[in-house]
Amino acid sequence: MTDKNEIFTKAQAAIEAGDTDEAVQVAKDGLALGVNGIELINNGFIPGINKVGDLFGEGQLFLPELIMSANAMQAVIEIINKKLEKEGTKQTAGKVILGTVEGDLHDIGKTIVVALLKANGFEVLDLGRDVSVDKFIEEAETFGADIIGTSALLTTTMSVQKELEEQLKAKGLKGKMKTIVGGAPVTERWAKRIGADAYAADATDGVRKIKELMAG
Ligand code: B1M
């Protein structure tokens, strides 16, 4: 019988190879075998894309290969998200607006956070990627968001999270809408420095912190 670890190994290998068909097959097989979707992402697919990122950073992999791996990652996240959304609860735990900041096209992590929030009963408006501060604020007001969540994957785009805090203050909205920040280069220290209400290291932590923000 195929065990979980074998599925995780295959998932990682498929992402490293940038093989979308294989990655999709592994995702489907894993879910069919009863492996939890989040576990599959955290222990299989994320280690794969992290390895690709490291090799890219070291100059051992090039952009076309990075794009192939990212595409494979997107395809499996879509499949797992659908499953998580189906399993989600129906009550409204709060309204959250989420997006990747302006200038930043990395949206795989943000999309996982969106799915997990939906599965936990939150009403979520996903603004996608490359979202300006003005758009975050405009959409949050229209949507009646309790929380604005931003994701930044580039050290150069983290500053947009700071800009959002400044704009919220300037418009008298700080406190009315709480903020949470995430993304690989983002830290608790950065969140404190810019005055964000919370920081999350990963999607599970994101849901936990958002629940705390709703309660407090
Ligand atoms: Co790019 N990229 N990339 N990339 N990419 C990084 C981020 C990089 C670290 C790679 C490297 O050099 N080692 C590097 C950034 C260096 C830096 O800023 N210091 C980099 C670079 C340089 C670039 C380009 C500039 C490359 C180029 O063009 N020369 C370019 C920039 C484009 C742009 O944005 N303007 C670029 C492009 C791309 C692709 C388009 C090919 C693709 C993205 C595709 C997509 O997202 N649709 C891509 C990818 C895939 C990566 C890596 C390999 C993986 C990112 C990822 O998806 N991780 C990445 C290396 C790395 O991070 N290890 C890299 C998996 C994902 C699940 O994790 O997003 O961290 P993550 O999300 C986590 C947590 O952070 C947290 O929860 C998630 C789940 O656990 N989280 C939140 C995230 N957001 C949250 C929000 C929350 C709460 C938690 O609440 C609001």
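## The sheet

Five strands, in the order S2-S1-S3-S4-S5, make up an open sheet with parallel pairing. At its edges are strand S2 (123-126) and strand S5 (198-199), each of which pairs on one side only. Please keep in mind as you look around that this is a predicted model.

Let's look at one pair of strands in more detail. S3 and S4 run parallel to each other, joined over 5 bridges. One place to find this pairing is isoleucine 147, whose bridge partner in S4 is lysine 178.

## Where the ligand sits

The ligand sits in the largest pocket, with 36 residues around it. If you want to start with the closest ones, pick out Gln74, Leu105, His106, Asp107 and Ser151.

Several helices and strands help to build this shell. Helix H3 (37-57), helix H4 (63-87) and helix H5 (108-119) each supply at least two of its residues, and so do strand S3 (147-151) and strand S4 (178-182). H3 gives the largest share, with 6 residues. The two strands named here, S3 and S4, are also the ones that pair over 5 bridges in the sheet.

What is the make-up of the shell by class? Nonpolar residues account for 19 of its members, polar residues for 13 and charged residues for 4.

## The cobalt atom

Which protein residue is the donor to the cobalt atom of the ligand? His106 is the only one, and its NE2 atom is placed 2.2 Å from the metal. To find histidine 106 along the chain, go to the loop between strand S1 (95-100) and H5. His106 is also listed among the residues closest to the ligand.

## Backbone contacts

The protein backbone meets the ligand at several points too. At glycine 53, a backbone N or O atom is 2.9 Å from a ligand nitrogen atom. Glycine 103 offers a polar backbone atom at 3.0 Å from a nitrogen atom of the ligand.

With alanine 184, the ligand partner is an oxygen atom: a backbone N or O atom of this residue lies 3.4 Å away from that oxygen.

Key. Residues are numbered from 1 along each chain as its sequence is written. This is a predicted model: local features need pLDDT of at least 70, side-chain atom pairs count only at pLDDT 80 or more; totals for chains, interfaces and linings use all residues. Side-chain values use heavy atoms; hydrogens and water are left out. A residue is near a molecule or strand if one of its heavy atoms lies within 4 Å of it. A polar contact is a pair of N or O atoms within 3.5 Å; within protein, one must be able to donate a hydrogen and the other to accept it, and residues adjacent in sequence count only if both atoms are side-chain atoms. On a 1 Å grid over the protein atoms alone, a cavity is a set of points where a 1.4 Å probe fits but cannot get out, and a pocket is an open set with protein on both sides within 12 Å along at least five of seven lines; lining residues have an atom within 4 Å of a point. A molecule sits in a cavity or pocket if more than half of its atoms lie within 2 Å of its grid points. Helices (H or I, at least four residues) and strands (E, at least two) are DSSP runs, numbered from the N terminus. Ala, Val, Leu, Ile, Met, Phe, Trp, Tyr, Cys and Pro count as nonpolar, Asp, Glu, Lys and Arg as charged, and the others, Gly among them, as polar. Two strands pair if DSSP finds at least two bridges between them. Donors are N, O and S atoms within 2.8 Å of the metal (3.2 Å for Na, K and Ca); water is not among the atoms, so sites may look incomplete.
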